[in-house]
Amino acid sequence: MKKLTLTDADAVEFGKMVRKIKFFASMNMGLLERILNRITLFQYEKGEKICRQGEGGDSFYVVYSGRLGVSVKNGLFSFSRRVAELGPGDCFGEMALLTREPRNATVACEEDARLFVLLADNFDQVISENPAFSEEIKKLAAERGFELKRRRQV
Ligand code: CMP
């Protein structure tokens with residue numbers, strides 16, 4: 001993991017990318033600008049884990065480039081199962097921040113990746129300032145939670 005300098009070109013790309021994400025699209029420019037002032041850019045290598053199931057979470061991520069795998073383990077001695085793939089424009093890490101509970105899955109890089117990272121305090125602020133964003137991200141978290149629950153039953 002390596003912190004990168006966020007250039008103006010990266011900021012423009014972030015703006016373009018998140019406009020395509022339904023819940024970010026509801027944000028006004030002022031809010032988007034404030035997020036941009038707080039967001040950091042990190043590079044991860046293939047094989048690196050961004051977050052681990054069961055650990056506490058302090059960040060929300062938007063994939064800038066690369067491919068990541070989401071996997072879950074149902075018991076201490078079970079194998080982990082890959083449940084989803086994430087790529088540019090996808091976001092993750094919202095569940096632990098919304099519930100204050102441990103991470104529900106492990107997210108690992110399947111290719112070198114660059115991620116925009118928003119710390120929990122800033123994420124909370126965005127949530128409280130933007131009801132539409134808050135509603136959409138909660139919906140996404142609920143869908144993912146439902147999917148994880150469904151998989152635990154099969
Ligand atoms: P969180 O629990 O904070 O950390 C792991 C993240 O993996 C989780 O938030 C979600 O953002 C993401 N995640 C969990 N389940 C899925 C899924 N089925 N599809 C895509 N992403 C998921």
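**View 1. A look into the largest cavity, which holds about 30 Å³ of space.** The structure shown here is a predicted model. A search of the whole structure finds 1 cavity of 30 Å³ or more. Rolling a probe the size of a water molecule over the atoms shows where empty space is left.

**View 2. The walls of the largest cavity are lined by residues that include Phe 14, Phe 24 and Ile 39.** Look also for Phe 60, Tyr 61 and Val 62, and for Phe 116, Val 117 and Leu 118, which belong to this lining too. Which elements each supply at least two residues of the lining? They are β4 (59–65) and β9 (113–119). By class, the lining has 9 nonpolar residues, with no polar and no charged ones.

**View 3. The ligand sits in the largest pocket.** Two elements, α4 (94–99) and α6 (131–153), give two or more residues to the shell around the ligand. In total, 15 residues surround the ligand, and the closest are Gly 93, Glu 94, Ala 96, Arg 103 and Asn 104. Sorted by class, this shell has 9 nonpolar, 2 polar and 4 charged residues.

**View 4. Polar atoms of Arg 103, Asn 104 and Met 95 meet oxygen atoms of the ligand.** Start with Arg 103, where a polar side-chain atom lies 2.7 Å from a ligand oxygen. At Asn 104, a backbone N or O atom lies 2.8 Å from an oxygen atom of the ligand. For Met 95, a polar backbone atom is 3.5 Å from a ligand oxygen. How much of the ligand does the protein bury? Taken alone, the ligand exposes 460 Å², and the protein buries 95% of that.

Terms used. Residues are numbered from 1 along each chain as its sequence is written. This is a predicted model: local features need pLDDT of at least 70, side-chain atom pairs count only at pLDDT 80 or more; totals for chains, interfaces and linings use all residues. Side-chain values use heavy atoms; hydrogens and water are left out. A residue is near a molecule or strand if one of its heavy atoms lies within 4 Å of it. A polar contact is a pair of N or O atoms within 3.5 Å; within protein, one must be able to donate a hydrogen and the other to accept it, and residues adjacent in sequence count only if both atoms are side-chain atoms. Accessible areas come from the Shrake-Rupley method with a 1.4 Å probe; for residues, only the protein chains shown count as cover. On a 1 Å grid over the protein atoms alone, a cavity is a set of points where a 1.4 Å probe fits but cannot get out, and a pocket is an open set with protein on both sides within 12 Å along at least five of seven lines; lining residues have an atom within 4 Å of a point. A molecule sits in a cavity or pocket if more than half of its atoms lie within 2 Å of its grid points. Helices (H or I, at least four residues) and strands (E, at least two) are DSSP runs, numbered from the N terminus. Ala, Val, Leu, Ile, Met, Phe, Trp, Tyr, Cys and Pro count as nonpolar, Asp, Glu, Lys and Arg as charged, and the others, Gly among them, as polar. Grid points are joined across faces, edges and corners, and a volume is the space filled by probe spheres set on the points.
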